[in-house]
Amino acid sequence: MNKLYEQAKKVLPNSYSKYSKFKVAAAIKLKNGEVITGVNVENASYGLSNCAERTALFTAYSQGVKKEDIQEILITTEQDDFISPCGACRQVMSELMPKETLVHLTNNKGEIKTILNKELLPLAFSEDDL
Ligand code: THU
């Protein structure tokens, strides 16, 4: 867990958030111990911005990671309050990570609130609904 926190903090300065000035970083831990990170990447066309969670997950999948390989994810910012993943990220996390994946939400005091992926988006839309 500490390792995950450190890795997320390490890449937080890479956040490309020139419009919102709201830096976010995510670090995914795989069952084999590997850590994959991501940051939010914004755009002058605001709607094209990508959140840190999705950057990390898309990077993981691009490297061949499978859903069942993922153990936990930690999300961090510079903010006083605990980060709360946006709706789009909750939907993507629901699709790409196991229901029981630990999701660690942090604040700038170094406190960590841990919930399960399935708690983030009850009644999520999924392949079962297609
Ligand atoms: N953002 C994330 O990267 N993750 C979240 O969980 C919430 C929001 C980003 C999107 C945008 O770049 C900035 O934070 C402000 O909304």
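For the residue classes used in this tour, Ala, Val, Leu, Ile, Met, Phe, Trp, Tyr, Cys and Pro count as nonpolar, Asp, Glu, Lys and Arg as charged, and the others, Gly among them, as polar. The structure on display is a predicted model.

**First stop: the second largest pocket**

Select Phe22, Val24, Asn40, Cys51 and Glu53. The second largest pocket has a volume of about 160 Å³. Its lining comprises 15 residues, and the five selected here are the closest to its centre. Sorted by class, the lining of this pocket consists of eight nonpolar, five polar and two charged residues.

**Second stop: helices H2 and H3**

Next, select residues 52-62, which form helix H2, together with residues 87-96, which form helix H3. The axes of the two helices lie 9 Å apart, and the packing angle is about 25°. Angles under 35 degrees count as roughly parallel, and H2 and H3 are therefore roughly parallel to each other. The crossing in which H2 passes H3 is left-handed.

Now display the side chains at this contact. On H2, the residues to show are Glu53, Arg54, Leu57, Phe58 and Tyr61. Their partners on H3 are Ala88, Cys89, Val92, Met93 and Leu96. Eight of the residues in the contact of H2 with H3 are nonpolar and two are charged, while none is polar. Glu53 links this stop to the previous one: Glu53 belongs to the H2 side of the contact and is also among the residues closest to the centre of the second largest pocket.

**Third stop: the largest pocket**

Keep H3 in view and add Lys67, Ser94, Lys99, Ala124 and Ser126. These five lie nearest the centre of the largest pocket, which is lined by 16 residues. The space within the largest pocket amounts to about 350 Å³.

Which helix gives the most to the lining of the largest pocket? H3 does, with three residues. Helix H4, at 117-120, may be selected as well, since H3 and H4 each supply at least two residues of this lining. Colouring by class separates the lining of the largest pocket into six nonpolar, four polar and six charged residues.

Definitions and conventions:
Residues numbered from 1 in each chain as written. Predicted model: local features only at pLDDT ≥ 70, side-chain atom pairs only at ≥ 80, totals over all residues. Heavy atoms only, no water. Axes fitted to C-alpha atoms, helices over the stretch in contact; angles between N-to-C directions. Helix = DSSP H or I, 4+ residues; strand = E, 2+ residues; numbered from the N terminus. Parallel < 35°, antiparallel > 145°, perpendicular 65-115°, else oblique. Left-handed = near helix turned anticlockwise from the far one by under 90°. Contact = heavy atoms within 4.5 Å. 1 Å grid on protein atoms, 1.4 Å probe; cavity = no way out; pocket = protein on both sides within 12 Å on 5 of 7 lines; lining within 4 Å. Points joined across faces, edges and corners; volume = space filled by probe spheres on them.
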